[in-house]
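Q: Please teach me how to read the features of a protein model, one at a time.

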Amino acid sequence: MVRNYETALTRIGGTVRASDPQRWVNGKVVVDGREVWAQAEKGNGTIWLRIIEKTPMQQHIVADAT
């Protein structure tokens, strides 16, 4: 399972950042100028996928001098 996800990630131009060959892999890829991180982990008879797109943090705090 881990090797399949490593291969899929590198085929689309991504890089593997860390892995445990028996359990999980994580890496990143740039898609249309956006940085995307992905992790695939096996456990409890299930494959868990975590996908995170890096975006700038939105500012919600506004200072008011009055």
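Q: Which residues make the nonpolar surface patch?
A: Patches join residues with over 30% relative accessible area and no salt bridge (a side-chain nitrogen of Lys or Arg within 4 Å of a carboxyl oxygen of Asp or Glu); nonpolar side chains (Val, Leu, Ile, Met, Phe, Trp, Tyr) are linked within 5 Å, like charges within 9 Å. Here Tyr5, Ile47, Leu49 and Ile51 make a patch of about 390 Å². Areas follow the Shrake-Rupley method with a 1.4 Å probe, and for residues only the protein chains shown count as cover. The model is predicted: local features need pLDDT of at least 70, side-chain atom pairs pLDDT 80 or more, while totals for chains, interfaces and linings use all residues. Residues are numbered from 1 along each chain as its sequence is written, and side-chain values use heavy atoms, without hydrogens and water.

Q: Which strand gives the most to this patch?
A: Strands (E, at least two residues) are DSSP runs numbered from the N terminus. Strand E4 (residues 46–54) gives the most, with three residues.

Q: Is Ile51 buried or exposed?
A: Buried means under 20% relative accessible area, exposed over 50%, and partly exposed in between. Ile51, in strand E4, counts as exposed because its relative accessibility is 64%.

Q: In what order do the strands form the sheet?
A: Two strands pair if DSSP finds at least two bridges between them. Four strands form an open, antiparallel sheet in the order E1-E2-E3-E4. Strands E1 (15–20) and E4 stand at the edges with a single partner strand each, so one side of each has no neighbour in the sheet.

Terms used
Buried means under 20% relative accessible area, exposed over 50%, partly exposed in between (1.4 Å probe, protein chains only).
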